Amino acid sequence: MIFFEWITALFTLARGVFSLLLCLLLSLTLLFMSAEGKRIFYEVAVSTVLAPVESVIALKKDYFRVYQENEKLRRENISLKVTNDRLKEYQTQNQRLKSMLSFKNESGFDLMSGEIFSRNPGRYVTSWRINLGERDSIELNMPVLTAKGVVGKVAKVYWNHSLVQLIYDPNFKISVLNQRSRHIAILESYQKHEVSAQFSGDADVRVGDTLVTSGLGGVFPKGLMVGEVQSEFKLSNAITRKVKVNLFQDPHLVEEVFVYRIRDSWFVINP
Amino acid sequence: MKKFLFSFLLLLFLLVIQATLLSLMAPAWRPDLVLLGLVVLSLRFGSVFGVYLGFLTGAVQDVYVVETLGANALAYCLVGYLAGLLDETRFTFSPLTKCLLFAAAYGIHDILYNLAIGLEQPAFWSHLLWASLPSGIVSVLLSIPVFYLAPHGIRES
């Protein structure tokens, strides 16, 4: 029994030495292997045992490369998006300005172009502020229009800006003319952003008729485009005919405007 | 067997870290994480464990440099064996002593490796001085927190 324990202890002690010798032998075999043997060992090891490790290393390297590339592309993408947005904005602005320029040249009016820089903050926009004022020879009641049609008039003038009263303002009334039948009407805003024209009861008005400024009232010169007749209201009396008008220029969609530098042909002299 | 397999996988993971993240560092200042892991595990689990673990890990590392196939296996198995002789279940060391043991193991490994790959006399010393020494200093510095944090082996009563 004692002999057996002694043998076991010796074997336990010798196990380390034996293992070391075995590993040293294997290492030296590898070290002094021929070039061809090393190549075969390498190929076998790489293709079988080390393939998963290799794939992890490759994946890791690939991950970093893709990450860096992704970061670079993301930055580039943001930059390009900003540039693209800016170019799109320039493009639409360019189209607007081109049509305005062409209108200005063709109309022969003394037009001054300006930009809207603020709108009244309420839910129903009835006025704007534009960047034209006394310094630009802007005066009270000058018509404000776009290439498509009338949108309002100058209601207040400051040194470097003006307040524009829009057609949508319920206090704004304008005399219009049916281009086809030559009947005159009063155009006004009857609901928040709806516009109507009131003709006399016997006036000849049809849906689709074009309405232009009549020149009466002295503020708007004759012939400026305003809108077209959309539908007729059914009224109980026959004294007037009221039609709904679709404006040629929706004031909500305007960014640049013209101020027609024409003085109103009437004025009040304070007593 | 389970703990051996786990230890081997841990060393392979360290090898991957060394081949990827640490490859961004200058070679002379690159710590040897695999050797550090081997010494930690050998001190904990003994010489037989250390010698086989060292041999296998070294062989895997050698595959990447076919010309010196077997050099790392030789150096690692000897270091694993020597570190395993100071098995923590029989001896008690402070973390600082373990760092010194690791420094010695690092020196032994590099000397054995340089001898195994057959470096000639001037290259041998210059390699030890300019490559092994800075890398060894970084490795030993890195080993300080490792030995302070690594759990101790349970000493036999």
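**View 1. Cys23 of chain A is a buried residue in this predicted model.** Let us start with a single side chain. Cys23(A) has a relative accessibility of 1%, and it counts as buried because that value is under 20%. Is Cys23(A) in a disulfide, and which cysteine sulfur is the nearest? Cys23(A) is in no disulfide, and the nearest cysteine sulfur belongs to Cys77(B), 5.2 Å away. A disulfide needs two cysteine sulfur atoms within 2.5 Å, so this pair does not qualify. Over all chains, the count of disulfides comes to zero.

**View 2. Chain A and chain B meet in a contact with residues from both sides.** Here we step back to the place where the two chains touch. Chain A brings 27 residues to the contact, and chain B brings 25 residues. Between them, the chains bury about 2,300 Å², and carbon and sulfur atoms hold 82% of that area. Look for Leu20(A), Cys23(A) and Leu31(A): these residues supply 21% of the area that chain A buries against chain B, more than any other three residues. Cys23(A), the residue from the opening view, is one of them.

**View 3. Three helices of chain A each give two or more residues to the side that touches chain B.** They are helix H1 (2-31), helix H2 (35-49) and helix H3 (51-107) of chain A. Which helix gives the largest share? That is H1(A), with 13 residues. Sorting the residues on this side of chain A by type gives 18 nonpolar, three polar and six charged.

**View 4. Polar contacts link chain A and chain B, but salt bridges do not.** How many residue pairs are in polar contact between the two chains? There are three such pairs, with both residues at pLDDT 80 or more. The count of salt bridges between chain A and chain B is zero.

**View 5. Chain B is built with helices and has zero strands.** Follow chain B along its sequence and you will meet six helices, in the pattern α-α-α-α-α-α. Of the 157 residues in chain B, 54% are buried. Now consider contacts in chain B with a separation of 6 or more: 71% of them are between residues 24 or more positions apart.

**View 6. Cys99 of chain B is another buried cysteine.** Why does Cys99(B) count as buried? Its relative accessibility is 4%, and the cut-off for a buried residue is under 20%, so Cys99(B) falls in that class.

Terms used: Residues numbered from 1 in each chain as written. Chains lettered and ligands numbered in written order. Predicted model: local features only at pLDDT ≥ 70, side-chain atom pairs only at ≥ 80, totals over all residues. Heavy atoms only, no water. Contact = heavy atoms within 4.5 Å. Buried area = accessible area lost by both parts, 1.4 Å probe. Salt bridge = Lys/Arg side-chain N within 4 Å of Asp/Glu carboxyl O. Polar contact = N/O pair within 3.5 Å; in protein donor to acceptor, adjacent residues only side chain to side chain. Helix = DSSP H or I, 4+ residues; strand = E, 2+ residues; numbered from the N terminus. Nonpolar A, V, L, I, M, F, W, Y, C, P; charged D, E, K, R; others polar. Buried < 20%, exposed > 50% of the residue type's maximum accessible area, 1.4 Å probe, protein only.
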